[in-house]
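Q: Please take a close look at a single part of this structure and describe it for a reader who has not met it before. Please then set that part in its surroundings, in one connected account.

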Amino acid sequence: MIIKNIYAVYFSPTGGTQKIAESLSNDLSQLLHIPFQKIDFTILTNRQTRYDFDSDSLVILAIPVYAGRIPNKLLPDLERCLNGSGKTAIIPISVYGNRNYDEALREMLILTEKNGFIPIGAATMISQHAFSSLIAKDRPDFSDFQALTDFSNKIAGKILNNQELTGITYDRDTPIGPYYTPLKSDHTPARFLKAKPVTDMDKCNNCGICVRKCPMGSISADNVADVSGICIKCQACVKFCPTHAKYFTDVDFLSHIEMLENTYTDRKEAKFLF
């Protein structure tokens with residue numbers, strides 16, 4: 001199989017997943033001497049476009065884990081927008097914040113095969129948790145990128161040696177399990193589906209960064225304190241606010257963060273399938 005095009009496709013509200021997708025794409029680009037193109041699925045308009053990839057393309061698809069699965073608000077966009085030829089190579093990467101990826105990677109593999117792709121490799125990677133800088137702090141780090149480079153070399157070797165790019169082996173038959181139920185610090189269920197960020201207008205300078213960064217287009221440009229649409233708790237508005245005016249006050253949400261910080265402190269490592 002001859003690869004002529006590499007595409008880095010990612011959904012990355014806080015930037016960690018983008019770093020991983022671009023790192024793998026850049027490594028493969030250099031090894032195969034093929035430039036890569038970016039498709040940022042964090043941008044709402046990019047999730048309203050159909051993408052058809054030929055059999056000579058290699059797609060790197062990196063998606064963060066939300067409650068152990070593909071983010072439910074993103075799933076219909078992936079199903080609708082990303083289409084392979086039946087022989088299009090793809091490498092799904094499931095990025096999680098040190099708790100667990102649960103069913104997310106297997107869900108990505110099943111979805112991409114259904115949409116005409118051949119998964120020639122796959123990975124789970126760790127990035128700093130969107131909810132807290134204390135969980136997987138500063139990940140992905142040097143060790144993560146080194147492991148990703150080793151994976152790139154193996155994938156590139158298969159391609160350069162003209163090996164047949166067959167799909168990887170994984171469990172295709174077991175039904176996908178339910179979304180993870182978030183827990184509070186007392187380990188009872190945390191209910192924060194309707195939680196939305198609030199704005200300290202004494203700190204806000206109306207720069208509009210939160211409006212532009214929101215992947216759901218839910219923050220009003222006329223009144224940045226108005227989050228009228230869906231909030232997926234991605235933390236983009238919180239992270240990128242230059243004056244730290246955005247924050248969450250929902251009691252269950254804050255208790256869930258406390259539970260995560262108290263429980264998921266042990267370092268987890270990337271895993272690779274090829």
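A: With a relative accessibility of 24%, Ala147 counts as partly exposed, because this value lies between the limits of 20% for buried and 50% for exposed. The model in which this residue is seen is a predicted one. Ala147 belongs to helix α4, and that helix is the part examined here. A link across the sequence starts from this residue: Ala147 and Ala270 stand 123 residues apart along the chain, yet their C-alpha atoms are 7.5 Å apart in space.

The packing of α4 against another helix comes next. Two packed helices are described by the angle between their axes and by the distance between those axes. For α1 and α4, the axes come within 9 Å of each other and cross at roughly 40 degrees. This angle makes α1 oblique to α4, since angles under 35 degrees would count as roughly parallel. The crossing of the two helices is right-handed. On the side of α1, the contact is formed by Lys19, Ile20, Ser23, Leu24, Asp27, Leu28, Leu31 and Leu32. On the side of α4, the residues taking part include Phe145, Leu148, Phe151, Ile155, Ile159 and Leu160, and also Thr149, Ser152 and Asn153. Sorted by class, the contact of α1 with α4 comprises 12 nonpolar, 4 polar and 2 charged residues.

Both helices also have a share in a nonpolar core. The largest such core has 28 residues, and Leu28, Leu58, Ile91 and Ile93 are those with the most contacts inside it. At least two residues of this core come from each of β1 (5-10), α1 (16-32), β4 (57-64), β6 (88-96), β8 (122-126) and α4 (142-160). Ile91 shows how these elements meet. Beyond its neighbours within four places in sequence, Ile91 is in contact with Leu24 and Leu28, with Leu58, Val59, Ile60 and Leu61, with Ile120, Gly121 and Ala122, and with Phe151 and Ile155. Among these partners, Leu24 and Leu28 also belong to the α1 side of the helix contact, and Phe151 and Ile155 to the α4 side. Apart from this core there is another, of 23 residues, which includes Ile39, Leu74, Leu82 and Ile90.

The loop between β8 and α4 holds several residues of note. Ser132 lies in this loop, and with a relative accessible area of 4% Ser132 is buried. Setting aside residues within four places in sequence, Ser132 is in contact with Ile257 and Glu261. Ser132 and Gly97 are 35 residues apart in sequence, with their C-alpha atoms 9.2 Å apart in space.

Backbone geometry in the same loop also merits attention. Most residues other than glycine have a negative phi, and most peptide bonds are trans. Ala136, found in the loop between β8 and α4, has a phi near 55 degrees, which is a positive value in a residue other than glycine. At 12% relative accessibility, Ala136 counts as buried. Pro140 is found in this loop too, and a cis peptide bond joins Arg139 and Pro140, with omega about 0 degrees.

Elsewhere, Asn206 offers a further case of positive phi. Its phi is near 55 degrees, and Asn206 is found in the loop between β9 (198-199) and α5 (209-213). Asn206 counts as exposed, at 53% relative accessibility, whereas Ala136 counts as buried.

A final point concerns helix α2 (residues 75-81), where Glu79 has its place. Glu79 counts as partly exposed, at 39% relative accessibility. Not counting residues up to four places away in sequence, Glu79 touches Leu111 and Asn115. Glu79 and Lys114 are 35 residues apart in sequence and 8.8 Å apart in space, C-alpha to C-alpha.

Methods:
Residues numbered from 1 in each chain as written. Predicted model: local features only at pLDDT ≥ 70, side-chain atom pairs only at ≥ 80, totals over all residues. Heavy atoms only, no water. Core = buried A, V, L, I, M, F, W, Y, C linked by side-chain atoms within 4.5 Å. Buried < 20%, exposed > 50% of the residue type's maximum accessible area, 1.4 Å probe, protein only. Helix = DSSP H or I, 4+ residues; strand = E, 2+ residues; numbered from the N terminus. Contact = heavy atoms within 4.5 Å. Axes fitted to C-alpha atoms, helices over the stretch in contact; angles between N-to-C directions. Parallel < 35°, antiparallel > 145°, perpendicular 65-115°, else oblique. Left-handed = near helix turned anticlockwise from the far one by under 90°. Nonpolar A, V, L, I, M, F, W, Y, C, P; charged D, E, K, R; others polar.
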